[in-house]
Amino acid sequence: MAHSVREQILIALRQRTWYSGQELAETLNISRTAIWKHMQTLKEEGYQIISNKKQGYQLVDEGDLLTPIAIEQWLTTARLGRHILHFEELDTTQRIAHEQAQQQAQEGTLVVCDHQTNGRGQLGRTWHEAKNEGIAMSLLVRPDVPMHQAGQLTLVAGIALAQSLRTFDVPVTIKWPNDILINGRKVAGILTEMQTEADRISSVIIGIGINVHHEQFPEGIKDRATSLVRESGRTFRRAEVVATFLNRFEQLYTQWLELGFGSFVSEWETLADRLHERVTLRTRQMTASGTLLGIDETGTIRIETETGETRFHSAELIYWEKE
Ligand code: BTX
């Protein structure tokens with residue numbers, strides 16, 4: 001990623017406690033006045049920078065920004081998240097990611113925003129976002145696999161998200177197929193959408209919404225939604241959460257392409273919510289109850305009902321009525 005002058009200033013400031021204006025000006029080959037102006041802009045953006053005449057500038061705190069440079073500092077990926085588009089406000093990151101896909105953007109392109117005003121869930125549902133509280137992101141990938149396997153990416157992304165959130169000591173579980181829960185409440189959701197061309201996948205957009213700082217939720221979801229901060233009491237930097245997910249997802253995405261979904265079954269089951277417990281499941285035709293056995297090597301859910309083991313390719317686990 002090519003860095004802007006402001007990004008180069010940040011990279012320099014991260015390297016040591018104090019950096020004099022003179023040194024920065026020489027390193028970046030711009031005037032001290034220009035350095036001063038960039039510092040003002042960085043402060044306005046949310047970076048906490050102090051200065052004094054003798055020692056120069058010090059970066060005290062980076063705040064909780066979701067900018068490319070903030071995410072990049074935690075990123076260890078080769079491809080994913082190496083092209084990031086950040087917006088302060090958007091209707092939905094999915095729309096921009098779809099446009100990027102059509103404009104031949106590189107695999108791994110990530111769209112993030114601080115305030116998503118019309119977030120999409122599955123089946124025309126909406127995803128609630130409060131400004132600067134959560135993470136709304138859409139990742140573009142171009143897997144060379146048969147179309148019917150694209151849905152598995154929801155599960156692979158779910159495993160990566162659950163594992164990466166567990167590194168922050170948050171006890172998340174996965175509710176098949178696309179929800180991440182803490183203590184039975186939804187903390188994140190995944191929406192996978194595909195673009196095709198002549199019976200082939202041209203791109204898959206993996207949309208992820210994560211509740212990070214929220215203390216409260218709107219009426220309709222307040223009993224079944226939660227946030228990372230609410231459940232853990234610790235602080236989070238959204239950029240670090242995003243990068244930790246991307247780092248893990250890149251590994252699992254490669255594994256999926258090389259070994260297929262079968263290699264994830266036991267991993268998924270260790271993260272599954274209500275494994276071996278009784279669940280209710282709804283399909284278009286019927287509602288069924290039984291014991292959740294796990295998933296098979298294609299990602300299909302397995303339930304032990306009164307009539308024996310039944311597998312559901314597409315269904316909904318019902319935890320909460322009136323979705
Ligand atoms: P879903 O259809 O499984 O879940 C949506 C349902 O979850 C809603 O109907 C509501 O009941 C509940 N819900 C809505 N907002 C929240 C929330 N913040 N926390 C907990 N529960 C909620 C899940 O769909 C997939 C959501 C993906 C969202 C991302 S954000 C980035 C990207 N852009 C975009 O427009 N969508 C994706």
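This report describes the domains, one hairpin and one loop residue of a predicted model.

The chain is split into three stretches by the domain assignment, listed below.

| Domain | Residues |
|---|---|
| domain 1 | 5-61 |
| domain 2 | 68-271 |
| domain 3 | 278-317 |

Taken over C-alpha atoms, the centres of domain 1 and domain 3 are 57 Å apart.

An unreviewed UniProt entry annotates residues 72-257 as "domain: BPL/LPL catalytic". Helix makes up 27% of the span 72-257, and strand accounts for 33%. Between the C-alpha atoms at the two ends of residues 72-257 the distance is 25 Å.

Strands β14 and β15 make a hairpin, with two residues separating them. β14 covers residues 301-305 and β15 covers residues 308-312. Their pairing is antiparallel and runs over five bridges. Within this pairing, E304 faces E309 of β15.

Turning to a single loop position, Q216 sits between β11 (200-211) and α7 (228-232). Is Q216 buried or exposed? Q216 is classed as exposed because it has 10 C-beta neighbours inside 10 Å, and a residue with 12 or fewer such neighbours falls in that class. Along the chain, Q216 and S227 are 11 residues apart; in space, their C-alpha atoms are separated by 8.8 Å.

Terms used
Residues are numbered from 1 along each chain as its sequence is written. This is a predicted model: local features need pLDDT of at least 70, side-chain atom pairs count only at pLDDT 80 or more; totals for chains, interfaces and linings use all residues. Helices (H or I, at least four residues) and strands (E, at least two) are DSSP runs, numbered from the N terminus. A residue is buried if 20 or more other C-beta atoms lie within 10 Å of its own, exposed if 12 or fewer, and partly exposed in between; C-beta atoms are placed from the backbone. Domain bounds come from an automatic or database domain assignment. Two strands pair if DSSP finds at least two bridges between them. UniProt positions are given in the numbering used here, feature names are shortened, and annotations may be inferred rather than shown by experiment.
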